[in-house]
Amino acid sequence: MSYNVLVVDDSKTARMMLAKMLRISGLPINEVFIAENGSDALSMLKENWIDLVITDLHMPVMTGVEMIEAMAKDGLLESVPVVVVTSDSSQKRMDDLRGLGIRDYLCKPVRPESVKAVVEEVLETGA
Amino acid sequence: MSDPTNPSLGNNPISSTTLEEILSDVLQEQAFMFAEHGDDQEVDSPSAPFMHARIQFNGPCSGRLGLVFTQNLCSELIINMLGMDSDDLEEEDIADAFKELLNVVCGKFLIAAFGPMLKFDLSIPTVEKIDLDQWLAQKSNQHTTVLMVEDEVVLFELRL
């Protein structure tokens with residue numbers, strides 16, 4: 001079985017780094033989809049089978065939090081696991097995000113081994 | 001701007017030294033670049049153009065961080081971060097990588113300076129090109145610290 005992952009970040013650099021880390025992770029990744037903000041991500045989620053969303057928080061148009069809230073209200077998307085990747089990783093912020101149902105988070109700067117460990121754990125426990 | 005000596009903000013000293021260490025760590029980890037403290041009396045003025053990135057944070061303490069690199073160093077940054085070929089670089093990509101660097105540095109700085117329990121709101125970073133006169137004015141600013149990265153002068157600014 002292989003998985004489709006959606007990477008959401010307004011920074012092209014961050015998107016490219018994460019996509020590259022996923023591709024070299026050795027995990028069974030079928031395709032890495034890319035979106036620049038929460039709104040684009042919601043459209044892609046409705047048009048494609050996505051097993052995992054990895055998202056930044058601070059983005060123009062629609063933030064990561066707004067996207068997660070919209071997913072939670074959508075019967076078709078509520079079960080798609082979300083991992084947050086952010087430079088803003090205070091305990092308070094992470095507690096708030098866990099309250100919204102995120103599965104895990106990655107702190108920037110992300111390391112390939114951290115990405116692999118978190119994605120593997122989320123996919124193995126039921127994407 | 002709020003008072004950085006407020007004891008309710010934690011025990012860690014909030015200083016440009018903290019930021020200098022974090023910038024050095026992030027550059028090393030993400031771009032295999034090495035930073036060292038610069039003696040601004042000994043360095044020549046580098047060649048324009050320069051890129052000036054800024055980010056603001058608001059929370060228990062408010063302030064802003066700024067970074068000034070030469071455009072050449074920014075190009076080197078993205079080449080190292082993404083393993084790109086220099087022929088494929090576009091100005092937009094260079095600015096994006098520089099903003100992402102500042103975003104990461106700011107997040108790590110806030111955790112290091114104030115601890116993990118306080119929540120801050122970070123702005124989306126901005127970047128603009130500046131000329132030599134603007135660079136010299138920035139360098140002489142009292143909030144600016146000079147670093148050397150890969151033998152190039154880097155300026156960073158911390159205002160609290």
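## Helix packing between the chains

Helix α1 (residues 12-23) of chain A packs against helix α2 (residues 71-82) of chain B at an angle of about 25°, and the two axes lie 10 Å apart. Because angles under 35 degrees count as roughly parallel, α1(A) is classed as roughly parallel to α2(B). The model is a predicted one.

On the chain A side of this helix pair, the contact involves A:T13, A:M16 and A:M17. Their counterparts in α2(B) are B:I78, B:M81 and B:L82. By residue class, the contact of α1(A) with α2(B) comprises five nonpolar residues, one polar residue and no charged residue.

## The interface as a whole

Across the full interface, 17 residues of chain A are in contact with 24 residues of chain B. On the side of chain A that touches chain B, α1 and α4 (91-99) each contribute at least two residues. The largest share of that side, five residues, is supplied by α1(A).

The composition of this side of chain A can be set beside that of the helix pair. The residues of chain A that touch chain B divide into five nonpolar, seven polar and five charged, whereas the contact of α1(A) with α2(B) includes no charged residues.

## Architecture of chain B

Chain B contains four helices and seven strands. Read from the N terminus, its elements follow the order α-β-β-β-α-α-β-β-α-β-β.

Of the 160 residues in chain B, 39% count as buried. Contacts within the chain can also be described by sequence separation: among those between residues at least 6 apart in sequence, 70% join residues at least 24 apart.

## A buried position in strand β3

Strand β3 of chain B spans residues 63-70 and includes B:V68. This valine has 24 C-beta neighbours inside 10 Å and therefore counts as buried, the threshold being 20 or more.

Leaving aside residues up to four places away in sequence, B:V68 touches B:F50, B:H52, B:W135, B:Q138, B:V154 and B:L155. A further spatial relationship links B:V68 with B:I130: the two residues are 62 positions apart in sequence, while their C-alpha atoms are 8.9 Å apart in space.

## Summary

In this predicted model, the two chains meet through an interface to which α1(A) supplies the largest share of the chain A side. That helix runs roughly parallel to α2(B). Within chain B, B:V68 in strand β3 is an example of a buried residue.

Technical notes. Residues numbered from 1 in each chain as written. Chains lettered and ligands numbered in written order. Predicted model: local features only at pLDDT ≥ 70, side-chain atom pairs only at ≥ 80, totals over all residues. Buried ≥ 20, exposed ≤ 12 C-beta atoms within 10 Å, placed from the backbone. Contact = placed C-beta atoms within 7 Å. Axes fitted to C-alpha atoms, helices over the stretch in contact; angles between N-to-C directions. Parallel < 35°, antiparallel > 145°, perpendicular 65-115°, else oblique. Nonpolar A, V, L, I, M, F, W, Y, C, P; charged D, E, K, R; others polar.
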